Amino acid sequence: MLIPVIISGGAGTRLWPVSRRAYPKPFMQMGDGESLLRKTLKRAQAVAVGDEVITVTSRDHFFITRDEYRGLIADADARFLLEPVGRNTAPALAMAALDIEHRHGPDAQMLVLPADHLIRDLDLYGQAVQAACALAAQGYLVTFGIVPSRPETGFGYIRAGAPLEHGWQVAAFVEKPDAATAQAYVASGDYMWNSGMFCFAAGALLQSMAATCPALLAAARECYAKVHPDAIPVEFDRDSFAALPDISVDYAVMEKAARSAVVAARFDWNDIGSWQAISDLDPGDAAGNRTIGPAVLVDSRNCYVQSKGRLVAAVGVDDLVIVDTGDAVLVSTRSKAQAVKQVVEELRLQNHELANVHSTVHRPWGSYSVIEDAPDCKVKRLTVRPGHVLSLQLHYRRSEHWTVVAGTATVRVGEREFLLQRNESIHIPVQTLHRLENATTEDLHLIEVQCGDYFGEDDIVRYEDRYGRA
């Protein structure tokens, strides 16, 4: 049995302002309108032996992930393991391995796939997976080494050792090199890029962890002992999961493992690590310009422009990245695209919300977009999906006014419950229990106007919530 394990986490700070903590890189849509996460699920299903796919992600991203999967996989086959806090790949894979061993036995194989990679050649990808499975069946912990197409200083490398039938033993994992060293690595033919993809039997990983990181494994077993395996989704206990060390599987296991192997992955591979990487996916027009959304470029060359809605005009510029998300604009030279993460670091130092959220915020019930955010009022457009309901709640520091613009709303205000049709509205006073539901089969859209002296999300007191939020 081969079970894909999709690891979906991280903030993707180099891809700000599109990738943010509340809506990170795996949810980014590519030029064809499909997200990296959805592409990863398709890729996982192409090689899985069986229908089950495990996704390890945060509780905050569970509902968005489930929505991304809709239409591709049956609810019963999509198993979610939810982390209460981020703890890197070693704890995530330890918990996934314990779960697989518990339900399928130690010989079941795990195909570990980061959710933010792009691979287009599925034939060569499938061949590499087959080679990895063959080595994993012999007890090896297998990693996928990407055959380098150029000297690259942004990736770690793997040095191949003694040859095996389907690959090589791992001689060493090497940190990101400088330019001269990277050139020597590629020239030697002995080094491959470290892709962060793995294949191994669940029991083999746990056995290796017992030797290389026994304290981590013991903590993981303690955490898994508190899990309800039949729960949907599976949520890890916050305190015991937070006690696990924040460490990658490379450092905790792979660099020390007694039996590690690498297969040569010759398929196209892109970890979408920067806006330059995004722009390189498309050859562009005759001037080398690439655009997504409304844009006009005059006397400009080798530029990448992406706009969510506003027209972007560029005149007489070269080698720029321009990204407009409506609430933020990024302008960078292509060569400095890796430094975008420093913008996010500065925003976090300023405690700026744009480091974390977009003007459109996704919720389990749908989404809302902020139209205006002023000191004395806040205006949102809410979209509530069919069959979903907001929590029963009240606010201490603001009143609200709802106007339905499309659909039919089932509204509770105090002890009253009634329907609101298109072009009808209701006022919710301060400190009044209220709830909004879409009991129809069509999306519900409404405008919410908040009035008061504070509009933070922490001024929500929930009394009932279908989605288990505090």
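Me: Over the ring of which residue does the charged end of lysine 380 sit?
Reply: Happy to start there, bearing in mind that this is a predicted model. The charged end of lysine 380 lies 3.9 Å from the centre of the ring in question. That ring belongs to tyrosine 368.

Me: Which residue in β19 stands opposite tyrosine 368?
Reply: Strand β18 covers residues 366-374, and 8 bridges join it to β19 in an antiparallel arrangement. A hairpin through 2 residues connects β18 to β19. Opposite tyrosine 368, in β19, stands leucine 382.

Me: How many bridges join β19 to strand β26?
Reply: Strand β26 spans residues 444-452 and runs antiparallel to β19. One position to look at is threonine 383, which stands opposite histidine 445 in β26. The number of bridges joining β19 to β26 is 8.

Me: Why is strand β19 largely enclosed by the rest of the structure?
Reply: A residue counts as buried when its relative accessible area is under 20%. Strand β19 takes in residues 377-384, and it is largely enclosed because of how many of its 8 residues are buried: 7.

Me: Is tyrosine 185 buried or exposed?
Reply: Good one to check with numbers. The cut-off for buried is under 20% relative accessible area, and tyrosine 185 has 13% relative accessibility. Tyrosine 185 is therefore buried.

Me: What is the angle in degrees between the planes of tyrosine 185 and tyrosine 191?
Reply: The structure holds 14 aromatic pairs, and tyrosine 185 with tyrosine 191 is one of them, at 4.0 Å centre to centre. Tyrosine 191 counts as buried too, with 16% relative accessibility. Planes under 30 degrees apart count as stacked, and this pair is stacked with an angle of 15 degrees.

Me: Which residues do ring pairs link into a cluster?
Reply: Here you can look for phenylalanine and tyrosine rings in the model. The cluster linked by ring pairs consists of Phe62, Phe63, Tyr69, Phe80 and Tyr467.

Me: How far from the ring centre of tyrosine 140 is the charged end of arginine 259?
Reply: This is another charge placed over a ring, with arginine 259 supplying the charged end and tyrosine 140 the ring. The distance to the ring centre is 4.0 Å.

Me: Which residues make the nonpolar surface patch of about 360 Å²?
Reply: Let's begin with valine 296, which lies in strand β12, residues 295-298. Valine 296 is partly exposed, since its relative accessible area is 41%, and patch residues need over 30%. The patch is made by Val296, Val298, Leu311 and Val315.

Terms used: Residues numbered from 1 in each chain as written. Predicted model: local features only at pLDDT ≥ 70, side-chain atom pairs only at ≥ 80, totals over all residues. Heavy atoms only, no water. Patch = residues over 30% accessible without salt bridge, like charges linked within 9 Å, V, L, I, M, F, W, Y side chains within 5 Å. Areas by Shrake-Rupley, 256 points an atom, 1.4 Å probe, with all protein chains shown as cover. Salt bridge = Lys/Arg side-chain N within 4 Å of Asp/Glu carboxyl O. Helix = DSSP H or I, 4+ residues; strand = E, 2+ residues; numbered from the N terminus. Buried < 20%, exposed > 50% of the residue type's maximum accessible area, 1.4 Å probe, protein only. Pairing = 2+ DSSP bridges. Phe/Tyr/Trp six-rings, centres within 6.5 Å; stacked < 30°, edge-to-face > 60°. Lys NZ or Arg CZ within 6 Å of the ring centre and 35° of its normal.
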